[in-house]
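Student: Could we work through this model together, taking the interior before the empty spaces and the loops?

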Amino acid sequence: AMAEEDSVTVPAVIGEEFDRMLQLPGVLAVQVVNETIKLIVRATTQYDGELYDLGDWQLTFAPDTLHIQGRELRKGVRADWKGNYPVYRLRGGSFCFGTRETLINEHLVKGQYLEAMALAVECLNSVNEEDQPNIPNAFNQIKEVAHV
């Protein structure tokens with residue numbers, strides 16, 4: 001095991017903040033590579049009592065990160081979907097955070113990583129109200145496994 005004090009630049013995210021990031025909705029893993037921290041998020045949303053798959057995303061930040069970056073790892077989009085919204089994916093597979101992007105970036109600039117990630121994860125897991133009727137056509141439904 002590596003001693004925590006070896007890492008000087010990311011102490012803010014070690015410990016409590018790190019644990020809280022793991023508890024954000026849909027976060028499967030938090031990985032630290034050198035000074036870069038990667039959150040792997042399985043995004044889902046509910047609509048009309050059903051659960052839909054918004055794909056798996058990777059959020060990356062480091063001490064010098066000024067812009068939020070969300071990269072698509074796995075698509076939740078239906079193969080027959082030809083539309084645009086509610087699929088908030090830019091060319092090249094990065095996530096479009098829309099109007100929230102400025103606020104997320106402000107948190108990053110101030111080193112408020114937990115706040116930035118909480119907001120980014122919330123964006124990954126949500127669909128704008130006006131786009132919600134398209135959810136069943138755009139995304140694969142998740143058939144819930146019965147927990148015994």
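The exchange below takes up the core, one helix, the pocket and cavity, and some loop residues.

Tutor: This is a predicted model, in which local features need pLDDT of at least 70 and side-chain atom pairs count only at pLDDT 80 or more, while totals for chains, interfaces and linings use all residues. Residues are numbered from 1 along each chain as its sequence is written, and side-chain values use heavy atoms, with hydrogens and water left out.

Student: Which element gives the most residues to the largest nonpolar core?

Tutor: A nonpolar core is a set of buried Ala, Val, Leu, Ile, Met, Phe, Trp, Tyr and Cys residues joined through side-chain atoms within 4.5 Å, where buried means under 20% relative accessible area, exposed over 50% and partly exposed in between, with a 1.4 Å probe and protein chains only. The largest such core has 36 residues, of which M21, L39, L59 and M117 touch the most other members. The elements that give two or more residues, as DSSP runs numbered from the N terminus (helices H or I of at least four residues, strands E of at least two), include helix 1 (16-22), strand 2 (36-47), helix 2 (101-109) and helix 3 (113-124). The greatest contribution, nine residues, comes from helix 3.

Student: Which residues does M117 touch, leaving aside those up to four places away in sequence?

Tutor: Contact here means heavy atoms within 4.5 Å, and M117 is among the core residues that touch the most other members. With that cut-off, the partners of M117 are M21, L24, L39, L59, F61, I68 and L108.

Student: How many of the 12 residues of helix 3 are buried, and what span should the helix have?

Tutor: Helix 3 is mostly covered, with nine of its 12 residues buried, and its cover includes helix 1, strand 1, strand 2, strand 3 and helix 2. The expected span is 1.5 Å times one less than the number of residues. The end C-alpha atoms of helix 3 are 16 Å apart, which agrees with the expected 16 Å.

Student: What is the volume of the largest pocket, and what is that of the largest cavity?

Tutor: On a 1 Å grid over the protein atoms alone, a cavity is a set of points where a 1.4 Å probe fits but cannot get out, and a pocket is an open set with protein on both sides within 12 Å along at least five of seven lines, lining residues having an atom within 4 Å of a point. Of the 14 residues lining the largest pocket, Y88, C96, F97, G98 and N128 are the closest to its centre, whereas for the 13 lining the largest cavity these are L54, W57, P86, Y88 and F139. A search of the whole structure finds one cavity of 30 Å³ or more. The volume of the largest pocket is about 260 Å³, and that of the largest cavity is about 90 Å³.

Student: Is T45 buried or exposed?

Tutor: T45 is found in strand 2, and its contacts beyond four places in sequence include E50, Y52, N125 and I135. Because its relative accessibility is 10%, T45 counts as buried.

Student: What is the phi of N34, and what is that of D48?

Tutor: N34 lies in the loop between strand 1 and strand 2 and is exposed, with a relative accessible area of 74%. D48 lies in the loop between strand 2 and strand 3 and counts as exposed at 70%. Although N34 is not a glycine, its phi is positive, at about 55°, and for D48, also not a glycine, the positive phi is about 55°.

Notes. Points joined across faces, edges and corners; volume = space filled by probe spheres on them.
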